[in-house]
Structure formats: structure tokens, C-alpha cells
Amino acid sequence: MKPTLILLIVLFAIQLAIPGYMIFEQNQILTEGTAYKFKTRPIDPYDPFRGRYVTLSYAADQEVIPVMDGSNIESEDWVYALVGVDDDGYAVLEVLTDVKPEEGQDYLYLETFYRGYDGGFLVSLPFDRYFASEENAPKIESAVWRRQREQVEDVYAKIRILNGKGTIEDLYVNDILIREYIEKQAESQ
Amino acid sequence: MEPKQCTKNQKNWLERESGEWVEQGILREEQQAQILNRYSTSHVDSFYSSWSSLLLISLGAILIGGGIILLVAHNWESFGKGTRTVLSILPLLLAQALAWYSVRYKPQLAGLREASGVLLFFAVAASIALISQTYHIYGDLERFLVTWLVMGIPILYLIGSAGVLILVCALILWLCGLEREPYWLYYLLLAPYLYSLYKHQRYVLFQWALWFVVIGSTFSIVYSVGWKSPIDDWMIYILLALSVLYYSLGKWFFGFKEQGFWANPLSSAGALGIASISLMLTWEGFYRYSKFDTDSKFVFNDYLILLVFAISVLATIGFVVVKFKRLGINQWALTTSMLLAILGIIGIQIKLPELVYITLANLYVLIASVVIMSQGINQHRLMLLNAGLLWFSFLVLFRFFDSDIPFVLKGIVFIFIGSAFLGVNIWYNKKLKGHVSAQQEDAA
């Protein structure tokens with residue numbers, strides 16, 4: 001066989017390996033990762049390649065996150081954010097550090113943006129896209145926003161976290177899967 | 001012996017001329033046939049004949065690929081993750097199959113090769129994007145583009161699809177606009193492809209590919225320097241130095257013989273860069289703000305761009321030294337603009353007043369454009385004459401509307417230069433007449 005053809009096969013294999021690895025990594029996080037509830041609010045933009053999605057804006061990254069004593073962190077650095085749970089059972093980012101946390105402590109690896117006035121940093125949770133169909137994306141947004149006007153604020157994303165990476169398992173309203181919730185809404189109207 | 005490639009016009013000319021030589025008895029017919037056989041237009045022919053079908057096939061491929069992406073982007077939530085994963089990889093598998101078929105079984109079909117390369121290029125991105133959709137993976141655009149690029153460049157080499165070259169150039173440009181990183185270095189990976197085109201005498205393709213690379217790499221370098229960079233204000237001088245480098249390299253590689261504007265992308269793009277940037281430097285403002293910004297932080301990209309500047313200066317000096325005897329006065333006129341670039345960067349440091357720099361820049365454009373015009377007249381090259389004229393006219397137009405110079409001074413300078421032109425013209429005509437009459441006397 002000609003060398004070009006062999007190289008072509010190698011290229012094809014690598015091209016297939018990239019989505020393959022992505023699938024493997026996601027499945028690993030989803031099966032082995034710890035589940036956290038991140039309180040959120042969705043809004044509905046559009047991506048020509050990947051279709052409709054809702055942008056999730058989380059309560060956990062609205063505040064300035066303090067820096068652990070002894071850590072040397074600048075803005076636009078990649079840091080470890082330790083993940084904990086508050087009294088209501090929602091996930092919070094407790095503290096930022098530049099030392100990799102030990103086994104057993106869940107953390108997210110993310111980039112800092114701005115320095116806050118008290119020495120902490122604002123960060124942005126990266127898993128902020130929930131892809132849905134053209135039909136459902138606007139419905140998710142409107143359903144959830146109406147809920148919030150009625151002061152029912154139990155909208156959250158279930159995130160699995162493993163080795164610094166987080167991935168969305170699903171979106172819930174009042175502990176009901178978002179898709180089921182929208183169907184129920186449609187029935188009741 | 002492999003026949004040399006030439007254009008159809010050249011071949012026609014040779015046929016016509018050699019036909020006359022045969023009639024005049026200088027050549028025998030079999031010698032004419034032998035000579036004609038040494039020149040072939042096959043590459044040009046195949047390029048143009050496949051060009052139209054190539055375009056149609058590529059457009060078709062892009063539309064079908066886009067359609068598949070839209071169908072999957074609809075997000076068939078009801079299918080479940082497994083089915084959707086298979087569907088996401090399907091476009092990539094189909095494109096790979098087509099590319100394999102094209103390379104393995106139909107290597108002679110340029111259109112198919114072109115289309116399958118473009119399709120595969122998009123399929124790589126589509127499969128990554130669609131997997132991201134299925135698993136709600138957040139988008140890191142930079143990493144996505146780099147992956148796409150690294151997977152895309154081998155397509156250029158292994159499938160030989162020239163359309164992919166344009167797409168790769170566009171991707172690099174996108175990346176450079178995104179981050180202050182030296183992503184423009186990826187252009188170096190395209191150099192072997194350009195060289196192979198040149199070596200295999202596929203000149204038409206080589207020329208337009210080189211145009212893309214020259215323009216793309218220049219813009220990519222400019223975009224990669226953000227406003228936060230300490231060398232941001234030096235970019236205009238670095239760009240000028242780069243233009244001189246392109247111009248010199250073009251002359252160095254492809255020779256001094258005039259081949260037309262499109263045939264030597266390096267020299268043509270370089271000359272355009274020199275002309276436009278030197279005109280910008282005749283205005284106030286650029287020089288004043290070109291001091292070194294000590295507040296900003298140097299990043300790796302900034303050092304690399306300074307290195308590019310140093311290489312441009314050294315290579316231009318090398319060009320001038322090596323080709324010293326062959327340099328014509330118009331080549332001197334263009335390459336000396338390197339001094340403006342160097343002076344722009346060191347001027348503030350050695351306390352050179354702004355007025356001196358701007359005056360020098362104006363004088364440079366004035367002298368260089370006049371030199372180019374006169375060379376155009378002497379060598380009977382209309383294109384050169386027009387280029388010089390255009391350059392000169394812009395300078396005049398800019399200074400006429402320049403509100404920073406007092407009217408009286410402007411008026412005096414305009415009258416002075418205008419008189420100089422008329423004077424030279426009268427002197428030249430007299431000299432020409434004297435020359436002609438002397439010749440007539442000699443003949444008599």
C-alpha cells in the first residue's frame with residue numbers, strides 16, 4: 001500500500017478518536033462523578049452548528065470567590081475551585097487555590113476573570129449550555145421565568161463532577177425533569 | 001524528459017513563430033515538432049477545464065454537509081444518547097469514505113478530490129460540535145478551532161484539496177483574532193504544500209495559493225497583537241518591514257524579470273504594502289504615539305513578532321547585498337522604505353522630532369513615486385507608470401487636504417514641485433529633440 005494511503009488511515013483514525021474520546025470522557029464523568037445541584041436560570045440563545053440551547057446562569061458564580069491563604073492567583077489564571085454544598089443542598093464554590101486538591105475533595109478547574117475588591121475573584125462556571133430542540137428551548141426559558149415570578153425558585157442543573165471537570169446531567173424544575181415538566185405544562189393548559 | 005509547463009498564450013506564440021521559422025527554412029518540421037513537444041499546457045488545461053465542475057461540486061458538497069448538520073442540530077431529543085452519538089459521527093464516516101474512494105480509486109478526478117477534501121474538513125468540525133450538543137459540553141472556542149485546524153491541515157497534504165487551503169487560512173485568521181498567541185506560525189505548515197505545487201509546475205494554483213497565504217499571514221500577525229500589547233503602536237512599522245521583506249523575497253525567489261502583477265504575489269503584495277503604509281506615515285499622529293508602552297506586559301507572541309521584524313530587516317539587507325549588481329533604481333526606491341520602518345521604531349528613543357520624521361516620510365513617497373514613474377516611462381511599462389502616478393497622486397491629495405500645514409507653505413511647496421515637473425519636462429524634451437536631430441545629422 002502507498003504511504004499516502006497509510007497516512008490517510010492514520011488521519012481518519014485520529015479524526016474519529018477525537019469525538020470518541022469526548023464521548024468516553026463525558027460518560028466517565030456521568031457515571032463516576034459526584035452529583036451536585038447548581039441553582040440556575042436559563043435563557044435561550046441559538047448556535048448555528050449545534051442548534052438551540054439554553055444558557056444557564058448559575059447562582060454559584062454570581063459572587064466573588066475568596067482565595068485560599070498562601071495561594072498566588074492573578075486574573076486569567078487557571079485555578080482549582082473547591083466545591084461544597086450549602087444548607088439548602090445547593091452547590092457552592094467555597095475557595096480558590098493554585099494547588100491541586102487531594103483525593104476525595106471535589107473541585108472544578110476554571111479560569112479566573114476579575115479581581116474583586118476584597119482580593120477574591122469572579123469566575124464563570126463553564127458548563128453553561130443546555131442543548132434542546134428548537135421547540136423546547138424557548139419553552140424551557142418561558143416556563144422557568146414564569147415560575148420565578150411566582151417565587152418558586154427551585155430550578156437547578158444536576159452536574160456531575162470528576163477530576164476538575166463538570167458536565168450537565170439534566171435540568172430540573174421542582175425536582176421534575178425539565179422535559180417532563182414542559183409536557184405537564186402543555187397538558188394543563 | 002518531462003515537458004515544461006507554459007501558458008496557452010506562450011504555446012500559441014511559439015507555434016506561430018516556429019511555423020514562420022519553418023517557412024523561412026531556419027528549422028525543419030521535425031525540429032519544430034520536437035521543440036513544441038518540450039512545452040506543455042496540460043496543467044493549465046486540466047486546471048481550467050476542471051475549474052467549473054470543481055466549483056459546482058464543492059458548493060454542492062458544502063450545501064449537503066450544511067444540510068446534514070442542520071438536520072442533526074435540530075436535536076432529536078427523542079432518539080436517546082446512543083442513537084444521537086452514532087448520528088453525530090455519521091457525517092464524519094461518510095466524508096472519510098468519500099475521501100478514501102477518491103484517493104484510492106479515482107485519483108484522476110480533481111473535482112471529486114476537491115469536494116471530498118472540503119466535505120471532510122467540515123465533517124471533522126461537525127462531529128465535534130454534534131457530540132458537544134448531545135452531552136451539553138461547554139464550548140471552548142479556541143480549543144475547538146485548534147483541534148479543527150490540526151485535523152484539517154493533513155487533509156491538504158493527503159487528499160490534495162486546494163479548497164481546504166482557503167479554509168485553513170480563514171481558520172488561522174479566526175484564531176489570531178481570538179487570542180494573543182502566535183497562531184500565525186501555523187502558516188509555516190503550509191510552506192511544503194506551496195513548494196510542492198511550485199516543484200510540480202502547477203503555477204496557476206501555486207500563484208493564487210501564495211496570494212492567500214501572503215495576505216492571510218499578514219492579517220493574522222496584525223490581529224494576533226491585541227491593543228493590550230506593548231508593541232501595538234509599533235505594528236505599522238513592523239507591517240512596513242514585513243512588506244519590504246515580501247517584496248525582496250519575491251524578487252529573490254522569482255527573479256527580476258517582470259512576470260505581471262498576479263504572477264509574483266510576494267513582490268506585488270509587498271509593493272502594495274509599502275505604498276499604502278508609507279502614505280499613512282506621511283500623516284501626523286502615527287509617529288507621535290509610537291513610543292514603547294512600558295505599562296503593558298510582554299507575552300511570547302510579542303517577542304516572536306519582534307523577531308519577525310529583525311528577520312525582515314536582516315533578510316532585506318541580505319537581499320540588497322547579494323543582489324547588489326542586479327538592483328534597479330525602482331527596487332532601491334521600494335526597499336529603502338525599510339529605513340522609515342526602522343526610524344519609526346527607534347526615532348522616539350533617540351529623540352528625533354516628529355516634524356523631521358514626517359518630512360522624511362513625505363520626501364520618501366515623493367522621490368520614490370517619481371522614480372517609479374520615470375522607470376515606467378523609460379522601460380515602456382504602463383503598469384509601473386500608472387502605479388507611480390497613483391502613489392504620487394495620493395500624496396498630493398493627502399497634503400492638499402492636510403489641515404496641519406499652513407496654506408501659504410502648502411501653496412509654495414505645491415508651486416515649487418509643479419514648476420519642477422514642468423522644468424524637467426521641458427529639459428527632457430529639448431534633450432530628446434537634440435538627440436533626434438543629432439541622429440538625423442549623423443544619418444545625413
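The contact between the two chains of this predicted model draws on 31 residues from chain A and 30 residues from chain B. On the side of chain A that touches chain B, the elements giving two or more residues are helix H1 (3–32), strand S3 (51–58), strand S8 (129–131) and strand S10 (165–173) of chain A. Of these, H1(A) gives the most, with 14 residues. Sorted by character, the residues on this side of chain A comprise 18 nonpolar, seven polar and six charged.

Turning to chain A as a whole, one finds three helices and eleven strands, which follow one another along the sequence in the pattern α-β-β-β-β-β-β-β-β-α-β-β-β-α. Chain A has 189 residues, of which 33% count as buried. When the contacts in chain A between residues at least 6 apart in sequence are considered, 66% of them join residues at least 24 apart.

One backbone detail in chain A deserves a look, and it concerns A:Asn163, a residue in the loop between strand S9 (155–162) and S10 of chain A. The phi angle of A:Asn163 is near 50 degrees, which is a positive value in a residue other than glycine. A:Asn163 counts as partly exposed because it has 14 C-beta neighbours inside 10 Å, a number that lies between the limit of 12 or fewer for exposed residues and that of 20 or more for buried ones.

In chain B, a helix pair can be followed in some detail. Helix H5 (residues 110–134) of chain B packs with helix H7 (residues 162–178) of chain B at an angle of about 30 degrees, and their axes are 7 Å apart. Because angles under 35 degrees count as roughly parallel, H5(B) is described as roughly parallel to H7(B). The residues that meet are B:Glu114, B:Gly117, B:Val118 and B:Phe121 from H5(B), and B:Ala162, B:Gly163, B:Val164 and B:Leu167 from H7(B). By character, the residues of this contact of H5(B) with H7(B) are five nonpolar, two polar and one charged.

Chain B also offers a backbone detail of its own, at B:Lys351, which is found in the loop between helix H14 (337–346) and helix H15 (354–378) of chain B. The phi angle of B:Lys351 is near 60 degrees, a positive value in a residue other than glycine. How many C-beta neighbours inside 10 Å does B:Lys351 have, and does B:Lys351 count as buried or exposed? There are 6 such neighbours, and B:Lys351 therefore counts as exposed, since the limit for that class is 12 or fewer.

Note on methods: Residues are numbered from 1 along each chain as its sequence is written. Chains are lettered from A and ligands numbered from 1 in the order in which they are written. This is a predicted model: local features need pLDDT of at least 70, side-chain atom pairs count only at pLDDT 80 or more; totals for chains, interfaces and linings use all residues. Two residues are in contact if their C-beta atoms, placed from the backbone, lie within 7 Å. Helices (H or I, at least four residues) and strands (E, at least two) are DSSP runs, numbered from the N terminus. Ala, Val, Leu, Ile, Met, Phe, Trp, Tyr, Cys and Pro count as nonpolar, Asp, Glu, Lys and Arg as charged, and the others, Gly among them, as polar. Axes are lines fitted to C-alpha atoms, for helices over the stretch in contact, and angles run from 0 to 180 degrees between N-to-C directions. Angles under 35 degrees count as roughly parallel, over 145 as roughly antiparallel, 65 to 115 as roughly perpendicular and the rest as oblique.
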